[in-house]
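I opened this notebook to keep a record of what I looked up in one structure, beginning with the whole chain and ending with a few unusual spots in the backbone.

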Amino acid sequence: MEWKPDKSLQVPVYIQISDYFETRILNGEYPSGSSLPSERALAALLDVNRSTIISAYDQLNSLGIVKRVKGFGTVVTLQKNEEGNVKRVPNWEEYVKGGMRHLNDPITRQIHKIVGTDKPYLNFAIGELSPDLFPVKLMQEAHSQLELSQYLGYEHIQGNLRLRETISEHLRQYRHIPSTASSVLVTSGAQQALQLIIQCLLQPGDAIAIEDPSYCYSLPIFHSAGLRTYRLPVERNGIDPEQIVSLYKQHRIKMVFVNPIFHNPTGTTLSYERRKRLLEISTKYGIAIVEDDPYSLTSYDHDTRSTLKSMDQDGSVLYVSSLSKIVSSGLRIGWITGPQSVIQRLTDAKQQLDFGHSNIPQWIASQLLSSGELDNHLTKLRTGLLSKLELTVNALRAELGDEVRFQAPLGGIHLWCELPGEWDELKLFNLAIDNGVVFTPGSTLGSSSRRVRLTYSKVDDLLIPQGIRKFAEAFRSLNSATANKPR
């Protein structure tokens with residue numbers, strides 16, 4: 001080989017090598033099925049490090065013109081059509097590995113794959129309501145009043161005006177949050193709201209704080225955006241706001257993401273004193289707060305917990321909520337309320353993403369939120385969720401006794417459990433699946449692998465004891481296998 005890379009050029013050496021072989025391959029000098037020189041031999045021939053050759057071959061592999069074959073080396077994969085022209089198929093495997101968005105963790109992907117099948121798994125993993133908790137009659141009435149011809153065009157990108165006015169009144173009446181229609185953005189659930197906030201208000205390298213454990217930890221959007229995340233341990237009374245001060249001084253965090261009322265997954269509520277202190281710290285250091293509030297209306301004792309936004313006198317809080325946990329996850333209705341400049345910025349981004357939310361679900365949501373029967377539905381919802389919690393707790397005690405530890409929540413839909421001993425989380429997960437039960441392992445939420453989240457809102461009341469029994473059987477089977485394992 002007479003050619004050698006020119007190390008004086010600004011073009012990286014591995015790119016020069018990749019370009020050289022790409023040209024030779026396309027010219028037919030290396031036909032499909034032939035092997036390129038070995039990495040060691042080519043490195044010696046070109047007087048470069050072997051790692052440089054590996055990078056060059058990786059580049060060719062990403063272009064879809066070679067592949068690595070064990071025992072054969074790097075093999076050309078180009079083929080010719082009937083006219084003798086080279087066919088170059090896109091290397092979809094490399095595309096899949098690339099992209100700006102990170103994948104969900106493997107267990108989360110497996111959970112969604114399992115619950116998406118038609119097999120009758122007892123689902124303690126997904127945070128949605130069971131059919132008996134849906135306001136079916138209210139939704140049927142809303143549908144019956146729908147004049148379809150009025151709702152077949154584009155809707156206002158910020159959200160249907162009537163719905164935004166209804167949300168504003170709902171926030172004032174039920175959550176004691178002063179708001180106006182112009183300060184509300186309708187989103188496709190709370191998750192899109194979080195995505196918009198991250199994409200529009202933060203930049204790669206920015207530092208943020210999230211709770212640990214936390215639903216936010218399970219969302220790869222934080223890492224996809226290149227953010228530096230720091231964890232705030234959740235205690236019996238929620239996070240300790242003083243840790244935010246320390247994080248700010250060390251890392252200059254810009255934003256804190258919290259779920260202060262009936263927290264997912266622990267079920268805890270940030271104490272009033274800590275909520276007040278969190279707001280004080282926010283205004284002292286200029287740290288923005290994002291409050292995710294899906295559960296505050298599910299209080300089992302019907303006592304109203306003050307949201308951070310209702311206590312916010314300075315505009316430090318962006319408030320995110322949805323109808324998913326109180327009405328229906330299928331409507332995909334969520335919202336953000338905050339300063340109008342922020343809402344306008346997020347609205348502009350939403351226009352780029354989906355040109356506004358579907359208008360028929362917005363009309364139905366407006367009817368539901370303004371219905372005089374909403375209070376009755378919320379009462380039935382709280383009663384139903386409490387019943388499911390009690391069934392879950394009683395079944396756990398009956399099956400595992402004091403071995404399992406938890407703090408029963410006063411609202412929400414999750415039970416955060418600590419199981420005794422040292423055990424393999426993935427093995428328990430797979431054993432439970434074999435038993436027909438799916439749950440959320442603690443590590444997917446950022447915490448210890450000795451924890452599990454049991455979400456009881458989705459499971460039929462009559463099936464909860466059976467599901468917990470099957471879960472307990474899986475745990476006992478795992479412990480038995482561990483105890484009998486030779487040492």
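The entries below follow the order in which I looked things up.

**Entry 1: the kind of model.** I noted before anything else that this is a predicted model, and I kept that in mind through the entries that follow.

**Entry 2: the whole chain.** I looked up the secondary structure and found that the chain has 17 helices and 16 strands. For the extent of the C-alpha trace along its principal axes, I wrote down about 85 × 60 × 55 Å. I then turned to burial, and found that of the 487 residues in the chain, 51% are buried. The chain exposes about 23500 Å², and carbon and sulfur atoms supply 49% of that area.

**Entry 3: contacts and charges.** I asked myself what share of the contacts between residues at least 6 apart in sequence join residues at least 24 apart. The value I found for the chain is 72%. For charge, I listed 53 positive and 52 negative side chains, with the centres of the two sets lying 4 Å apart.

**Entry 4: cis peptide bonds.** I reminded myself that most peptide bonds are trans, and then went looking for cis ones. The bond from Asp-212 to Pro-213 is cis, with omega near 5°, and Pro-213 sits in the loop that runs between strand 7 (207-212) and helix 9 (221-224). Another cis bond joins Asn-264 to Pro-265, where omega is about 20°. I placed Pro-265 in the loop between strand 9 (255-258) and helix 11 (272-285).

**Entry 5: positive phi.** Here too I began with the general expectation, which is that most residues other than glycine have a negative phi. Arg-252 has a positive phi, near 55°, although this residue is not glycine; I found Arg-252 in the loop between helix 10 (242-251) and strand 9. Phe-262 also is a residue other than glycine with a positive phi, near 55°, and its place is the loop between strand 9 and helix 11.

**Entry 6: exposure of these two residues.** Is Arg-252 buried, exposed or partly exposed? Its relative accessible area is 49%, so I recorded Arg-252 as partly exposed, given that the word exposed is kept for values over 50%. For Phe-262 the relative accessible area is 1%, and therefore I recorded Phe-262 as buried, since buried means under 20%.

How values were computed: Residues are numbered from 1 along each chain as its sequence is written. This is a predicted model: local features need pLDDT of at least 70, side-chain atom pairs count only at pLDDT 80 or more; totals for chains, interfaces and linings use all residues. Side-chain values use heavy atoms; hydrogens and water are left out. Helices (H or I, at least four residues) and strands (E, at least two) are DSSP runs, numbered from the N terminus. Buried means under 20% relative accessible area, exposed over 50%, partly exposed in between (1.4 Å probe, protein chains only). Contact means heavy atoms within 4.5 Å. Accessible areas come from the Shrake-Rupley method with a 1.4 Å probe; for residues, only the protein chains shown count as cover. Lys and Arg count as positive and Asp and Glu as negative; His and the chain ends are not counted. The place of a charge is taken as NZ of Lys, CZ of Arg, CG of Asp or CD of Glu.
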